[in-house]
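Biologist: I would like to go through this model with you, one feature at a time. Please keep the answers short.

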Amino acid sequence: MTPRDTLLHLLHAALESVRGERVVADYLAAHRPPRPSALLSVGKAACSMAAGALAHWPGLDGLVVTKPGHLAPGCRALECIEAGHPEPDAESLRAGRRVREWIAGTPHDASLMFLLSGGASALLEALPAGVELEALVRLNRWLLASGLPIDQVNALRQRVSLVKAGRLARVLAGRRVLQLVISDVPDDRLDIIGSAPLYPVAWPPLPAHLPHWVAALLDRAPPPLAADEPAAAWVSSHILASNGHARRAAVAAAVERGLAVHEHAAPLAGEAAGLGEQLARSLLEGPDGLHVWGGETTVTLPPHPGRGGRNQHLALAAARELAGQGGVWLLAVGTDGSDGPTEEAGALIDGGSVARGEAAGEDAARALRHADAGTFLEAAGDLVDTGPTGTNVMDLVLGLRIR
């Protein structure tokens, strides 16, 4: 294999280890919980997770809410709703109404399975009185461009909702739920994943200097679910896959290939461009072998951003730092198969990326200023397209150094 092939092979091993169908089927085979009355699956990995449950319990009835393009044959026997992502839309509101109706329509003594993965924040929504979809879309656009950490982004989303922050658990009215979760947040916090529709929440302090129109939307909904409420005890939650699982699978696959491995435990966070430069320097100055990072960066967007996502932005910043260097490669991808609002998972760059892109008429510095890394990386031939992966465990960055 070429070094680029090696990195893509390691990526495949990491993604396979956290694929929704696999981790749900493995959990059910190992723990053998009672067959539920029905299942509800929400998130980017909803269809894959539901397929794992159906493989264990054929004929199980249920409802799936996922992102357009993420349906698969394994879950088409269930009722399916494709809703908006990364921005909520009218289908997200329809999904919120349908989910609450669906729960209310099950017997009061029903046992339910809830499969949750990242993306649920946009896909599933119900709004308090006086808040319209246009205001929610404006809020989400502002949050995505704000550069705020994920915990504050989710807390603000949760405040303007009737299904987030544990509020959906109150609809259960005594029905018992086994919740199986794929984590897409740092520290695998159940009070953040998917904006916590079934889990109690204690909000962090509000960010300073919120725009007045954002502040006006807050606290329209009922308070979040508290840990001592009866509804909190109706749900048993288990995390099946996380960024840590994916990193460890990449490490194991690299060891099998005889590579020296250097896993960097500190989660990636902060501005993507600065981190890209930092990771590139650490590759140049560090030991040979595979370097593994995971986490989720942010990009503060300009008024009219171009094409790309945070991984493409990070990769292009790294490519500028590595320009002209040999023996070094860096792969940065979103594990769900989509990097921000794009259809690509991310990018795989090397010391020749900048030269290839500029030979095609693009300008790397301009692309970073205009959040248009995708255009440059396409010209360089460095975009990575995995398609929907059936999972979502934040971002994975793999660096390879060979002297």
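Biologist: How many aromatic pairs does a search of the whole structure find?
Modeller: Bear in mind that this is a predicted model. The search covers the whole structure, and the number of aromatic pairs it finds is one.

Biologist: Which geometry do Trp 142 and Trp 213 form: stacked or edge-to-face?
Modeller: A pair of aromatic rings is described by the distance of the centres and the angle of the planes. For Trp 142 and Trp 213, the centres are 6.5 Å apart and the planes make 80°. Planes over 60 degrees apart fall in one class, so the pair of Trp 142 and Trp 213 is edge-to-face.

Biologist: How many residues apart are Trp 142 and Trp 213?
Modeller: Trp 142 belongs to helix 6, residues 133–146. Trp 213 belongs to helix 9, residues 212–217. The pair links distant parts of the chain, and the separation is 71 residues.

Biologist: Which residue has its charged end over the ring of Trp 213?
Modeller: Trp 213 has 16% relative accessibility, under the 20% cut-off, so it counts as buried. Trp 142 has 25%, so it counts as partly exposed. A charged end sits 3.8 Å from the centre of the Trp 213 ring, and it belongs to Arg 138.

Biologist: What span should helix 12 have?
Modeller: Helix 12 runs over residues 310–322, which gives 13 residues. The rule is 1.5 Å times one less than that number. The end C-alpha atoms are 18 Å apart, which agrees with the expected span of 18 Å.

Biologist: How many residues of helix 12 are buried?
Modeller: Helix 12 is mostly covered. Among its buried residues are Asn 311, Gln 312, His 313 and Leu 322. Of its 13 residues, the number buried is ten.

Biologist: Which residue just after helix 12 takes a positive phi?
Modeller: The position follows the end of helix 12. Its phi is about 85°, and the residue is Gly 324.

Biologist: Are helix 1 and helix 10 roughly parallel or oblique to each other?
Modeller: Helix 1 (residues 3–17) and helix 10 (residues 243–256) have axes 8 Å apart. They pack at about 135°. Helix 1 passes helix 10 in a right-handed crossing. Their angle is not over 145, so the two helices are oblique.

Biologist: Which residues does the cis peptide bond with omega of about 5° join?
Modeller: One partner, Pro 86, lies in the loop between strand 3 (79–82) and helix 4 (90–104). The bond joins His 85 and Pro 86.

Biologist: Is Ala 196 buried or exposed?
Modeller: Ala 196 is found in the loop between strand 5 (176–182) and helix 9. Its phi is near 55°, positive in a residue other than glycine. Its relative accessibility is 1%, so Ala 196 counts as buried.

Biologist: What is the relative accessibility of Met 394?
Modeller: Met 394 is not a glycine, yet it has a positive phi of about 65°. Its loop lies between strand 11 (383–384) and strand 12 (395–401). Met 394 counts as buried because its relative accessibility is 6%.

Biologist: What is the C-alpha to C-alpha distance between Gly 130 and Arg 220?
Modeller: Gly 130 is found in the loop between helix 5 (120–123) and helix 6. At 62% relative accessibility, Gly 130 counts as exposed. Gly 130 and Arg 220 are 90 residues apart in sequence, and their distance in space is 8.0 Å.

Methods:
Residues numbered from 1 in each chain as written. Predicted model: local features only at pLDDT ≥ 70, side-chain atom pairs only at ≥ 80, totals over all residues. Heavy atoms only, no water. Phe/Tyr/Trp six-rings, centres within 6.5 Å; stacked < 30°, edge-to-face > 60°. Helix = DSSP H or I, 4+ residues; strand = E, 2+ residues; numbered from the N terminus. Buried < 20%, exposed > 50% of the residue type's maximum accessible area, 1.4 Å probe, protein only. Lys NZ or Arg CZ within 6 Å of the ring centre and 35° of its normal. Axes fitted to C-alpha atoms, helices over the stretch in contact; angles between N-to-C directions. Parallel < 35°, antiparallel > 145°, perpendicular 65-115°, else oblique. Left-handed = near helix turned anticlockwise from the far one by under 90°.
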